[in-house]
Amino acid sequence: MASVNQDSKRPQNTRSIMGFLQAHAPFSSMDEDHLAHFAEHATLRFYADGDVVLSPDNGIVRRFYVVKQGRIRGERHNQKADKTETTFEISLGECFPLAAIIGERPTRTLHRAAGDTFCLSIEQDAFVTLFSESESFRDFCMRGVSSLLDQVNQRIQTGAMASMSSSISLSTPLERYALRNPIVCSPDLPVRKAVARMHENNVGSIVITDDGRHPTGIFTLRDLRTMIAEDTCSLDAPVRQIMTKDPCCLLAQADAFDAAMLMAEHHFAHLCVVDEDNRLIGMVSERDLFSLQRVDLVNLARTISTATHLRTLVSLRSDVSRLVDAMLAHGAASGQVVKIITTLNDVTVRRVLELNIKKNDPGIAFTWLTFGSEGRQEQTLLTDQDNGILFQTPEGMTEDQARERLLPFARTVNDELAECGFTLCKGNIMASNPKLCLSDQEWDDWFIRFIDASTPQNLVYSSIFLDMRAVFGPTDSVHELLEKVLTRIRKNDLFQKMLAGNAFQRKPPLTMFRNFRYVSDGKKHSLDLKRQGLAPFVESVRVFALANGVESANTLERMSELAQKGIFDLKDANAWKDAYSLIQAIRMRSHQEMLDKGEELTNYIDPDDLNPLDRRILRESFRQAQRLQQKLEVTYQL
């Protein structure tokens with residue numbers, strides 16, 4: 001009641017300003033006293049369309065602004081293109097200029113009113129008071145969009161937690177888990193003595209190291225059971241004869257997520273933790289990863305990989321959805337969750353292939369390729385098939401004869417994957433299509449024609465086939481193919497420009513007045529988060545990656561590598577990564593809500609169903625996509 005009484009004593013104008021601020025971040029999470037401080041020191045200023053609000057010529061920034069009505073447009077002069085560019089737009093409830101007022105420097109961007117605009121403004125002294133006394137305000141000012149990302153992830157995590165609790169996150173460094181004095185032995189130690197040493201120390205594994213303490217092998221209780229059951233080795237034989245050579249290792253700075261993904265992909269339960277000189281400093285087991293053990297990532301991957309019937313794989317698909325909920329509850333970021341989904345999808349694809357090889361081996365070695373979102377490791381629960389086959393023609397056989405053997409096998413695999421929830425591709429981008437079941441030489445010829453003849457259809461295909469990855473079979477031929485493709489694209493300026501022009505057509509869904517631009521395919525008042533939200537990032541980043549020899553297909557990894565190469569400004573890259581992740585997070589949460597309601601999964605959302613923070617986040621994220629496309633436009637003079 002005290003706060004109510006205090007509020008009633010405040011002037012009507014102060015209460016009105018506080019009410020407005022409470023609908024927008026970061027003010028929505030600030031104490032009432034801090035909001036009142038802002039409101040009591042605020043003045044309302046009007047700017048007509050085109051008026052300059054802030055300019056680099058004004059000197060050190062002395063005021064902090066919040067847009068109450070209208071919009072503010074940021075402008076910078078691009079010297080290379082000799083024109084003024086809009087670098088950002090600020091709308092209802094948003095603040096500026098954060099970096100300049102914190103750094104006590106002039107703004108580097110001219111801020112201009114776009115239409116009649118009203119701004120609430122406080123002087124530097126009032127800003128400093130809020131900055132020093134309000135933790136949530138200070139956090140927002142220091143981290144901007146990244147702070148919004150944390151708010152979204154925190155809300156998604158809270159919603160997914162339900163009755164679960166965990167004190168350990170997926171980002172915990174492995175040095176927190178690793179046993180500091182791992183049990184080791186030399187390669188010549190008899191198996192009997194190695195097992196005795198494991199028993200004495202109550203551990204399930206022993207690491208075999210050389211004189212420099214570099215891990216050369218690992219021996220586990222599971223290996224012991226296999227050895228005895230199959231009578232492959234004597235207990236008096238040296239452990240090197242039965243150990244698993246070249247054990248998987250991770251640096252101590254790697255996190256629990258990295259460990260879990262490796263365990264899930266390769267189906268082992270132990271890994272070595274090493275320093276930068278590859279010296280053993282610890283061991284991590286599946287059981288050690290307590291929080292991950294509870295959400296069963298590794299166990300689910302192992303269950304899928306050892307399934308003996310298709311019906312088992314079909315039934316396990318529902319567990320993937322529950323795992324996504326659990327991972328969100330344990331603090332996994334959207335980029336981590338899509339990699340988890342893709343990893344489990346890869347395991348499923350590999351198992352379907354293995355089961356079919358056992359039943360009806362085509363007798364020809366092949367590599368199963370995947371394209372598009374799976375190739376980028378960016379799949380969500382809503383996915384279809386984009387796959388192909390690469391084979392090397394056996395001696396004494398023509399390419400057509402080899403293909404004739406592989407196509408029926410591929411058709412069965414495509415159909416069984418459809419039963420597992422990977423819907424058949426409507427565009428027939430599948431391995432059972434003769435045009436996508438090719439020898440290594442045929443694939444090479446196909447890409448030569450693809451790059452040299454930049455037809456509209458080939459440009460459409462670019463969004464699929466230029467994000468390629470092997471998920472089963474030999475990988476050397478695929479790497480050689482990708483190297484040739486990247487080399488040709490780097491040398492072909494015309495293809496790059498046409499690729500850029502095609503990507504530039506994928507506009508983010510914002511009108512010039514900062515309203516949402518809805519889809520026009522019958523879904524009234526809806527946004528397509530995949531086509532309108534994520535695709536502008538994916539396709540623009542792909543152009544820069546291919547033009548600069550970045551082999552990774554994952555969009556976030558491409559952005560990081562482009563920043564390392566100096567192609568992207570580091571701050572821009574971080575903002576674009578955050579924006580992309582924000583859209584992906586909202587998309588995944590929407591999918592989980594659809595599943596809870598028993599609805600068919602789609603990528604459509606009605607922004608009116610979102611709370612004010614999420615709507616603001618979407619606008620900011622789409623605006624970042626516009627900035628990325630502006631860089632594409634300038635780079636390729638579109």
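Contact means heavy atoms within 4.5 Å. The model is predicted: local features need pLDDT of at least 70, side-chain atom pairs count only at pLDDT 80 or more, and totals for chains, interfaces and linings use all residues. Residues are numbered from 1 along each chain as its sequence is written, and side-chain values use heavy atoms, with hydrogens and water left out.

**Exercise 1. Place aspartate 384 and list what it touches, not counting residues up to four places away in sequence.**

Step 1. Find the element. Helices (H or I, at least four residues) and strands (E, at least two) are DSSP runs, numbered from the N terminus. Aspartate 384 sits in the loop between helix H15 (372-375) and strand S17 (387-391).

Step 2. List the contacts. They are Gln379, Thr423 and Cys425.

Step 3. Check the spacing. Threonine 423 is 39 residues from aspartate 384 in sequence, and their C-alpha atoms are 4.5 Å apart.

Step 4. Grade the exposure. Buried means under 20% relative accessible area, exposed over 50%, partly exposed in between (1.4 Å probe, protein chains only). Aspartate 384 has 32% relative accessibility, so it counts as partly exposed.

**Exercise 2. Decide whether valine 320 is buried or exposed, and name its contacts beyond four places in sequence.**

Step 1. Valine 320 belongs to helix H13 (residues 310-329).

Step 2. Its relative accessibility is 2%, so valine 320 is buried.

Step 3. Beyond four places in sequence, valine 320 contacts Leu300, Leu344 and Leu381.

Step 4. Leucine 297 lies 23 residues from valine 320 in sequence and 8.9 Å from it, C-alpha to C-alpha.

**Exercise 3. Trace how helix H14 pairs with helix H22 and helix H16 through salt bridges.**

Step 1. Set the criterion. A salt bridge is a side-chain nitrogen of Lys or Arg within 4 Å of a carboxyl oxygen of Asp or Glu. Side chains of opposite charge can pair when their charged atoms come close. The structure holds 26 salt bridges.

Step 2. Take lysine 339. Its salt bridge is with glutamate 557, with the closest N and O atoms 2.4 Å apart. Lysine 339 is in helix H14 and glutamate 557 in helix H22 (residues 555-564), so the pair ties together parts 218 residues apart in sequence. Glutamate 557 is partly exposed at 30%.

Step 3. Take glutamate 416. It bridges to lysine 359, the closest N and O atoms being 3.4 Å apart. This pair links distant parts of the chain, from helix H16 (residues 399-419) to helix H14, 57 residues apart. Glutamate 416 is buried at 11%, whereas lysine 359 is exposed at 61%.

Step 4. Add asparagine 356. This residue is in helix H14 (residues 334-360) and is buried, at 4% relative accessible area. Its contacts beyond four places in sequence include Phe409 and Glu416.

**Exercise 4. Find the partner of glutamate 442 and grade both side chains.**

Step 1. Glutamate 442 meets arginine 403 in a salt bridge (2.8 Å, N to O).

Step 2. Glutamate 442 is in helix H17 (residues 440-452) and arginine 403 in helix H16, 39 residues apart.

Step 3. Glutamate 442 is buried, with a relative accessible area of 16%. Arginine 403 is buried too, at 10%.

**Exercise 5. State the overall counts.**

Step 1. The protein has 24 helices and 21 strands.

Step 2. Of its 638 residues, 53% count as buried.

Step 3. Among contacts with a separation of 6 or more, residues 24 or more positions apart account for 71%.
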